[in-house]
Each structure stands twice: as C-alpha cells, then as structure tokens.
Amino acid sequence: MITAGIDLGSLSTKVLILEDDNILSTSILTTGEEGALVAKKAMDDAIKKANISFEELKNIVSTGYGRRLVPFAKQSKSEMLCHAKGSHWLFPKARTVIDVGAESSKVIRINENGVVEDFAGNDKCAAGTGVFLDTMAKALEVPLEEIGQLSLEYKEKVQISSMCAVFAESEVVSHVHKGIPRNDILAGIHESIADRIFGMVNRIGMQNDVVMTGGVAKNIGMVRALEEKLGTKIYIPEYPQMIGALGAALIARNSK
Ligand SMILES: Nc1ncnc2c1ncn2[C@@H]1O[C@H](COP(=O)(O)OP(=O)(O)OP(=O)(O)O)[C@@H](O)[C@H]1O
Ligand SMILES: [Mg+2]
C-alpha cells in the first residue's frame, strides 16, 4: 500500500511517500506564506520523484503547525504523535524524542510500543529553537550549515546570559564588536539552547534511548552540546527533518 505524510512546518514543508516499509521519495520546500500552495507543490514533487500518480496514494495524513491547511489530506494528526511514530519505527528502543524545529521544540516520552506517555513543549519563544540559530548565523555572517561545527572548535566559551532571543541577539552583536572569536560566541549560543532543551527533558524525565528529530538535529554542535548536558548518546535519523512526515505516512498506512 502506498501512503503519504505531509508536515507543514512553520519554516519548511516536508512530504514523504511510503510503500509498505520502503520510502519511495521525499520532498522539502520552504513554507512561505501560502501553506496550501506549497503543500501541493511539495506533494507534486514527491509524486514525480516516486514515479507514481496521485491516485495511487491510498491515504494522506498531514501534520505540523499548518496541518489543517492541506486540502488533500484525509486526516490530520499532531506533531507529537507523528514524531513519536516516526522515531519509534526507525529506533524501536527510543524512549525520549527531542524535536527541535524552526519555531517550536518539544520533548516526548514514548513507551516500547511508540505510544506517547508524556510531553513538554516550548512554543511562542524563539530562544530554544531553530530560528534563533538562523538569526545568530546571519548576525555572525556564517552559513547555517557551518555553525554547528564551528561551535565545537572554541577556546573559551562565551556565556549568553539573556533568556530572551531578542536580548540574546544584541548580546551576541556586542560580543562581536568586542572582537570575541566567532567560535567562542557560537559555543555559548549552542549551550544556551541546550540548556533550554535540557530543562524540558528534565520536566518529563529522560529515559534512554534518546532520539533527536527536526532540522536542528542536522546541527552537529547542537547534538554534541545536548549530549554533554544529558550525559547520553543521542541517535540521529539519516533525514531528521523528515520524521514528522514519516510518522504521518505510517499513521496513514495503519489507519487505512
Ligand atoms: N543543514 C542544516 N544545518 C543546520 N541547521 C539546519 C540545517 N537545515 C535546517 N536547519 C535548522 O532546522 C530548522 C528548521 O527545522 P524544521 O524544518 O524541522 O522546522 P519546521 O518543522 O518548519 O518548524 P516547526 O516544527 O517549529 O513548525 C532551521 O531553523 C535551522 O535552524
Ligand atoms: Mg516541525
């Protein structure tokens, strides 16, 4: 059976097409302002790559912040359920799932069947999420893809004391003006985000194995900073940004 999951995130829209246990294709586009339009474009792209027709999709489930904007989805499910489902499918031993996206981060505890048992989330505040990193990369004039690695090559970690993203940004700019090396500033930025996420993990209690999903899991500096705080290894899927869409495609398959 062929199914699709679509994750309309605040920054990126992801589609994944699944046939039984094989991923046929994936597609990722920037969400922009027109959610319904980008959903269709991403779906068309994924269908083309999978070399199938839209009619061959037996079920489509949407998730993500804009999940209700997807006109062709037959059901919509919360991100929490989809990230839990996708993580459990890839890592059956996963008990703690950390999803860090552009504008939200969440920590989910799942049991041995992948069922959600507890949850802690952070919306509305940029300090523990991807947009904060995107803003900092711009402020420091470093490509986003490189900030993680650079953050690991520090000499003296800078303390970022502001709890709010807006103030933290001006704090970073003032460090730059003082001539503090970028690596040291980046190390401090990554640590401050790791602190936020650590707080959420502690709210629900960490259980191994820990899996990280969402685009920020592509940032090696963030993964290492979190591993250090948590004192445990974090498992990263090959395509961490696609896990919400994967979970949605799995739910689509199971609910058909
Ligand atoms: N190659 C990369 N290297 C480092 N970070 C990356 C990379 N690609 C994406 N990111 C980070 O991932 C974030 C986007 O993640 P994701 O696509 O999971 O968000 P989203 O699902 O749209 O947002 P949300 O779940 O909050 O609605 C970006 O803000 C960026 O910080
Ligand atoms: Mg997301």
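Me: Which helix gives the largest share of the shell around ligand 1?
Reply: A definition helps to start: helices are DSSP runs of H or I with at least four residues, numbered from the N terminus. In this predicted model, α3 (130-139) and α4 (144-152) each supply at least two residues of the shell around ligand 1. The largest share, four residues, comes from α3.

Me: How many residues of that shell are polar?
Reply: Happy to break it down! The shell holds 23 residues, and the closest to ligand 1 are Gly9, Ser10, Gly101, Gly130 and Gly215. Seven residues of the shell are nonpolar and four are charged, while the polar ones number twelve.

Me: Where does ligand 1 lie with respect to the domains?
Reply: Look at where the shell comes from. Domain 1 (1-91 + 239-256) gives residues to it, and domain 2 (92-236) does too. Ligand 1 therefore lies between domain 1 and domain 2.

Me: Which helices do the buried residues of α4 pack against?
Reply: Start with the residues themselves: in α4, Ile147, Gly148, Leu150 and Ser151 are buried. The partners of these buried residues are α3, α6 (182-204) and α7 (220-230).

Me: Which helix gives the largest share of the largest nonpolar core?
Reply: That core has 69 residues, and Ala4, Ile6, Val15, Leu16 and Ala249 have the most contacts inside it. At least three of its residues come from each of domain 1 and domain 2. Its largest share, nine residues, belongs to α6.

Me: What is alanine 249 in contact with, leaving aside neighbours within four places in sequence?
Reply: Alanine 249 is among the residues with the most contacts inside the largest nonpolar core. With those sequence neighbours set aside, its contacts are Thr3, Ala4, Gly5, Leu16, Ile17, Leu18 and Val61.

Terms used: Residues are numbered from 1 along each chain as its sequence is written. Chains are lettered from A and ligands numbered from 1 in the order in which they are written. This is a predicted model: local features need pLDDT of at least 70, side-chain atom pairs count only at pLDDT 80 or more; totals for chains, interfaces and linings use all residues. A residue is near a molecule or strand if its C-beta atom, placed from the backbone, lies within 6 Å of it. Ala, Val, Leu, Ile, Met, Phe, Trp, Tyr, Cys and Pro count as nonpolar, Asp, Glu, Lys and Arg as charged, and the others, Gly among them, as polar. Domain bounds come from an automatic or database domain assignment. A residue is buried if 20 or more other C-beta atoms lie within 10 Å of its own, exposed if 12 or fewer, and partly exposed in between; C-beta atoms are placed from the backbone. Two residues are in contact if their C-beta atoms, placed from the backbone, lie within 7 Å. A nonpolar core is a set of buried Ala, Val, Leu, Ile, Met, Phe, Trp, Tyr and Cys residues joined through C-beta atoms within 7 Å.
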